[in-house]
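Q: Hey, I've just opened this one and don't know where to start. Can you walk me through it?

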Amino acid sequence: AVLLLDEPLSALDTTTRLTTRRLLADTAVTTVVVTHDPIDARVLADRVAVLDAGAVTQRGTPDEVAAHPASPWVARLLGVNLVAGVAAGAAVTTAEGDVLHLAESAAGPVWVVFEPNAVVIHTERPSGSSRNVWRATVAEVVLEGDRVRLVLDRPDEVTALVTREALEELAIRPGSQVWAALKATELSTRPR
């Protein structure tokens with residue numbers, strides 16, 4: 001008794017999608033879900049297998065794969081940020097010359113991994129405890145139900161997750177100049 005679902009939530013409106021996702025998450029039937037939606041994969045799956053060009057490139061729990069994506073493609077698929085750089089102590093320098101500050105030391109070529117909801121967006125330079133603050137241009141605005149994914153032009157097309165209310169309040173559109181802030185404790189690294 002296995003239920004096979006191919007993109008089961010892709011054609012549903014937001015309310016029906018949330019209700020159906022909740023029902024599927026609570027089912028006792030063994031279910032195989034094929035999806036491109038990172039939220040579906042992370043909410044519905046106990047284990048994921050990521051396919052790229054017909055081959056399994058990574059497998060594990062959704063949290064394991066999101067915390068340690070095997071490639072930039074896997075990171076984008078799961079909706080996490082993966083930035084390449086060279087670490088020296090508690091700092092990582094990207095190819096663009098941006099410096100990301102870490103809470104723990106690392107060395108050599110690394111991937112810096114962090115969630116989009118860890119990136120805080122401001123219209124003016126913020127002050128506070130965030131060690132990582134940079135200026136960016138909003139390259140793309142992607143509506144995802146009540147949330148909005150902002151694709152920033154640097155470093156390495158970082159994405160941030162905000163609410164629709166924040167988007168409207170800050171008057172953010174493609175081309176908007178924003179400040180992004182990210183606490184060092186939100187970053188993890190893995191060797192490249």
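A: Sure, let's start with a contact: Arg42 and Glu115 meet through their side chains in a salt bridge, at 2.8 Å from N to O. Keep in mind that this is a predicted model.

Q: Where do Arg42 and Glu115 lie?
A: Arg42 is in helix α2, while Glu115 is in the loop between β6 (99-114) and β7, so the pair ties together parts that are 73 residues apart in sequence.

Q: And how accessible is Arg42?
A: Arg42 has 26% relative accessibility, so it counts as partly exposed. Glu115 comes out at 27% and also counts as partly exposed.

Q: How many salt bridges does the structure hold?
A: It holds 5. One of them joins the side chains of Asp37 and Arg17, at 2.9 Å from N to O. Asp37 sits in the loop between β2 and α2 (38-44) and Arg17 in helix α1 (residues 14-25), so this pair ties together parts 20 residues apart in sequence.

Q: Are Asp37 and Arg17 buried or exposed?
A: Both Asp37 and Arg17 are buried.

Q: Got another one for me?
A: Arg154 and Asp98 form a salt bridge too, with their closest N and O atoms 2.0 Å apart. Arg154 is in the loop between β9 (147-152) and β10, and Asp98 in the loop between β5 (81-93) and β6, which puts these distant parts of the chain 56 residues apart. Asp98 is buried at 11% relative accessibility, whereas Arg154 is partly exposed at 25%.

Q: OK, switching to sheets. What order do the strands of the open sheet come in?
A: The 5 strands run β7-β11-β8-β9-β10, with antiparallel pairing. β7 (120-122) and β10 (159-163) are at the edges with a single partner strand each, so one side of each has no neighbour in the sheet. On average, neighbouring strands here are turned by 45° against each other, ignoring direction.

Q: How do β8 and β11 pair?
A: β8 (residues 132-144) and β11 (residues 177-182) are antiparallel over 6 bridges. Trp134, for instance, has Ala180 in β11 as its bridge partner.

Q: What about the surface, which residues make the nonpolar patch?
A: Val2, Leu4, Val32 and Val34 make a patch of about 360 Å². β1 (2-6) and β2 (30-34) are the elements that give two or more residues to it. Val2, found in β1, is exposed, with a relative accessible area of 58%.

Q: Last thing, the overall picture?
A: The chain has 5 helices and 12 strands. Its radius of gyration is 18 Å, close to the 16 Å that the globule rule gives for 192 residues, so the chain is as compact as a globular protein of that length. Of those 192 residues, 36% count as buried.

Conventions: Residues numbered from 1 in each chain as written. Predicted model: local features only at pLDDT ≥ 70, side-chain atom pairs only at ≥ 80, totals over all residues. Heavy atoms only, no water. Pairing = 2+ DSSP bridges. Helix = DSSP H or I, 4+ residues; strand = E, 2+ residues; numbered from the N terminus. Axes fitted to C-alpha atoms, helices over the stretch in contact; angles between N-to-C directions. Patch = residues over 30% accessible without salt bridge, like charges linked within 9 Å, V, L, I, M, F, W, Y side chains within 5 Å. Areas by Shrake-Rupley, 256 points an atom, 1.4 Å probe, with all protein chains shown as cover. Salt bridge = Lys/Arg side-chain N within 4 Å of Asp/Glu carboxyl O. Buried < 20%, exposed > 50% of the residue type's maximum accessible area, 1.4 Å probe, protein only. Rg over C-alpha atoms; globule rule 2.2 N^0.38 Å.
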